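This report describes the fold of a single protein chain, from its sheets to its core and selected residues.

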Amino acid sequence: MIFVDEKLPNSEIQNILDNAPIWSYVEFLGDYYSDISLTVNQGLNIYSRNGSILNAPLNSTALKIAADDVSVSHLIFCGNSSDAVDIINAHNVNLINNSIVNHLDESKIGSYADGTVNLPGYGICVSNSSAV
C-alpha cells in the first residue's frame, strides 16, 4: 500500500503514481489537494477513506486515466472549467463512489444561464475506451 500525504504538490503525487508497482493500492490521506492534474499510466487502485478533494488548476482535468485496469474510489474531483476526469484509450476502468464538481467562470454566469455560452467540461469524458 502506498500513501499520498496531504499537501504534497502535484509533481510529487505524479511521481508516486508513476513509480508505484502495477496494481498497487494508492491511498490519499489528506482532505484537500490543490492544483492537481494527474495522469494514471498503469493499472492502479486509487482511493481515499475520507473523501479527499482533488482540485484541478484552471482549464485542466484533475485526473486523466490512460491505462487499463484502473480503479478509483471515494474521491471528490473538482474540474476547473474543464472535465474533472478524462478516460482515454483505457479499458476496464472502475469509478466507484466518487463525486464530480466543476467550478464555473463567475464572469460568464449570465451567458451560461441564457445559453449563449456552453457550460464547460463534461464531468467525466470517455474516449476510445471500453468497460468503463
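A residue is called buried when its relative accessible area is under 20%, exposed when that area is over 50%, and partly exposed in between. The model described here is predicted. By that cut-off, Phe28 and Tyr33 are both buried, and 39% of the 132 residues of the protein chain count as buried.

## Overall form

The protein chain contains 2 helices and 13 strands. Its C-alpha atoms occupy a box of roughly 50 × 35 × 25 Å along the principal axes. The radius of gyration is 15 Å, which agrees with the value near 14 Å that a compact globule of 132 residues would have. Among contacts between residues at least 6 apart in sequence, 45% join residues at least 24 apart.

## The sheet of 5 strands

An open sheet of 5 strands, paired in parallel, follows the order E1-E2-E5-E8-E11. Strand E1 (2–4) and strand E11 (93–96) are its edge strands, each pairing on one side only. On average, neighbouring strands in this sheet are turned by 15 degrees against each other, with direction ignored.

Within the sheet, strand E2 (residues 25–28) pairs in the parallel sense with strand E5 (residues 45–48) over 4 bridges. Opposite Glu27 stands Tyr47 in E5. Helix H1 (residues 10–19) lies across E1, E2 and E5, and runs at about 165 degrees to E1.

Ile2 belongs to the edge strand E1. Its relative accessibility is 23%, so Ile2 counts as partly exposed. Not counting residues up to four places away in sequence, Ile2 touches Ile16, Ala20, Pro21, Ser24, Tyr25, Val26 and Glu27. The C-alpha atom of Ile2 is separated by 19 Å from that of Leu95, which is 93 residues away along the chain.

## The sheet of 4 strands

Another open sheet has 4 strands in the order E4-E7-E10-E13, again with parallel pairing. Its edges are E4 and strand E13 (124–127); each has a single partner strand, so one side of each is left without a neighbour in the sheet. Neighbouring strands here are turned by 15 degrees against each other on average, direction ignored. E7 and E10 run parallel and are joined by 3 bridges, with Ile65 having Ile87 in E10 as its bridge partner.

## Nonpolar core

The largest nonpolar core comprises 28 residues, and those with the most contacts inside it are Ile13, Phe28, Ile46, Leu63, Ile65, Val72 and Phe77. At least two residues of this core come from each of H1, E2, strand E4 (38–40), strand E7 (63–65), strand E8 (70–73) and strand E10 (85–88). Leaving aside neighbours within four places in sequence, Ile13 is in contact with Val4, Leu8, Phe28, Tyr33, Ile36 and Leu38.

## Aromatic pairs

Which geometry do the rings of Tyr25 and Tyr47 adopt? The structure holds 2 aromatic pairs. The planes of Tyr25 and Tyr47 stand at 75 degrees, so this pair is edge-to-face, with the ring centres 6.5 Å apart. Because Tyr25 lies in strand E2 and Tyr47 in strand E5, the pair ties together parts that are 22 residues apart in sequence. Phe28 and Tyr33 also form an edge-to-face pair, with 5.1 Å from centre to centre and 90 degrees between the planes.

The partners in the tyrosine pair fall into separate accessibility classes: Tyr25 counts as partly exposed, whereas Tyr47 counts as buried. Their values are listed below with those of other residues discussed in this report.

| Residue | Relative accessibility | Class |
|---|---|---|
| Ile2 | 23% | partly exposed |
| Tyr25 | 47% | partly exposed |
| Tyr47 | 12% | buried |
| Asp69 | 32% | partly exposed |
| Asn97 | 56% | exposed |

## Loop residues with positive phi

Asp69 lies in the loop between E7 and E8. Its phi is near 60 degrees, a positive value in a residue other than glycine. With a relative accessible area of 32%, Asp69 is partly exposed.

Asn97 is found in the loop between E11 and strand E12 (99–103). Phi of Asn97 is near 55 degrees, which is likewise positive in a residue other than glycine. Asn97 has 56% relative accessibility and therefore counts as exposed.

Conventions: Residues are numbered from 1 along each chain as its sequence is written. This is a predicted model: local features need pLDDT of at least 70, side-chain atom pairs count only at pLDDT 80 or more; totals for chains, interfaces and linings use all residues. Side-chain values use heavy atoms; hydrogens and water are left out. Two strands pair if DSSP finds at least two bridges between them. Axes are lines fitted to C-alpha atoms, for helices over the stretch in contact, and angles run from 0 to 180 degrees between N-to-C directions. Contact means heavy atoms within 4.5 Å. A nonpolar core is a set of buried Ala, Val, Leu, Ile, Met, Phe, Trp, Tyr and Cys residues joined through side-chain atoms within 4.5 Å. Buried means under 20% relative accessible area, exposed over 50%, partly exposed in between (1.4 Å probe, protein chains only). Rings of Phe, Tyr and Trp (its six-membered ring) pair if their centres lie within 6.5 Å; planes under 30 degrees apart count as stacked, over 60 as edge-to-face and the rest as tilted. The radius of gyration is taken over C-alpha atoms; the globule rule is 2.2 Å times the number of residues to the power 0.38.
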